[in-house]
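Biologist: Please take one part of this model and look at it closely, in terms of how its elements pack against each other and which residues do the packing. Set it in the context of the whole chain before you go into detail.

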Amino acid sequence: MAGAGSAFGASLTGLFPAVIAGLKDRMLERAMRKRMLRLGAAAGPILAHAMYTSSMKTLIPWIQARVKANRSVFRGQLHQRITAKAVIKSKEYGVDFGALGVKYSLNVEKGAPPHKPDYKKLLQYVRKKMGLKGEDAKRVAIKIGETIEKSGSKPYPFVMPVWEGGKKQWRRDVIQRANIAFKIELAKPRISAPSMSGTPVVP
């Protein structure tokens with residue numbers, strides 16, 4: 001995550017596989033800088049909320065649709081865990097979005113080197129996606145598993161293509177939402193600190 005005063009773009013991180021997370025977005029930062037400086041500490045949470053809402057409205061449906069259209073991967077848990085999450089800490093703010101907390105999602109996004117797969121999940125996949133049962137399902141699952149152990153698995157990217165294709169619309173949406181929220185916040189009456197000079201007020 002970036003520090004206060006910085007806005008976010010995206011990058012794949014190792015913290016959550018196949019997740020968009022903290023990288024500075026200079027265009028968004030420049031567009032928001034003046035208002036953020038005027039609002040100070042209140043600006044970060046406002047921008048984080050705008051980024052979260054825009055992600056849910058513009059990016060998450062596209063990511064879900066891309067996963068749903070891909071019949072070459074086990075999509076159940078992957079599809080269910082695609083969401084966005086606002087990140088608001090003391091001096092950090094932003095948004096994470098993608099397949100949050102799904103361990104195998106990075107293998108789907110980027111492919112995987114040869115490795116021993118989970119044969120139980122492969123069997124579930126074969127039964128559900130291919131409609132096979134009994135020994136036929138086991139035989140096909142073993143064959144797929146042996147291929148993965150020998151050659152790895154192909155990438156089926158579902159997060160980064162959506163980001164690359166949708167980031168301009170996402171950015172416009174964030175700026176629009178944040179500007180509205182900033183105007184509301186700036187219109188609120190400010191409570192000044194009590195003066196130390198003059199006649200004290202006695203209750």
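Modeller: Read along the sequence, the chain follows the pattern β-α-α-α-β-β-α-α-α-α, a total of seven helices and three strands, where helices (H or I, at least four residues) and strands (E, at least two) are DSSP runs numbered from the N terminus. The model is predicted, with local features requiring pLDDT of at least 70 and side-chain atom pairs counting only at pLDDT 80 or more, while totals for chains, interfaces and linings use all residues. Residues are numbered from 1 along each chain as its sequence is written, and side-chain values use heavy atoms, with hydrogens and water left out.

Of the 203 residues in the chain, 37% are buried, a term that means under 20% relative accessible area, with exposed meaning over 50% and partly exposed in between (1.4 Å probe, protein chains only). The accessible surface comes to about 12,500 Å², and 56% of it belongs to carbon and sulfur atoms; such areas come from the Shrake-Rupley method with a 1.4 Å probe. Among contacts (heavy atoms within 4.5 Å) with a separation of 6 or more, 68% join residues 24 or more positions apart.

The part I would single out is the pairing of helix α5 (residues 119-130) with helix α6 (residues 134-151), whose axes come within 9 Å and cross at roughly 125 degrees. That angle makes α5 oblique to α6, given that angles under 35 degrees count as roughly parallel, over 145 as roughly antiparallel, 65 to 115 as roughly perpendicular and the rest as oblique. The axes are lines fitted to C-alpha atoms, for helices over the stretch in contact, and angles run from 0 to 180 degrees between N-to-C directions. The crossing of α5 past α6 is right-handed, meaning that the near helix is turned clockwise from the far one by less than a right angle, whereas anticlockwise would be left-handed.

From α5 the contact draws on Y119, L122, L123, V126, R127 and M130, and from α6 on A137, K138, V140, A141, I142, I144, G145, E146, I148 and E149. These residues divide into 11 nonpolar, one polar and four charged, where Ala, Val, Leu, Ile, Met, Phe, Trp, Tyr, Cys and Pro count as nonpolar, Asp, Glu, Lys and Arg as charged, and the others, Gly among them, as polar.

Within this contact, R127 of α5 counts as partly exposed at 43% relative accessibility. Residues up to four places away in sequence aside, R127 touches L132 and A137. R127 and K138 are 11 residues apart in sequence, and their C-alpha atoms are 8.9 Å apart in space.

For another helix pair, consider α2 and helix α7 (residues 160-187), whose axes come within 8 Å and cross at roughly 150 degrees.
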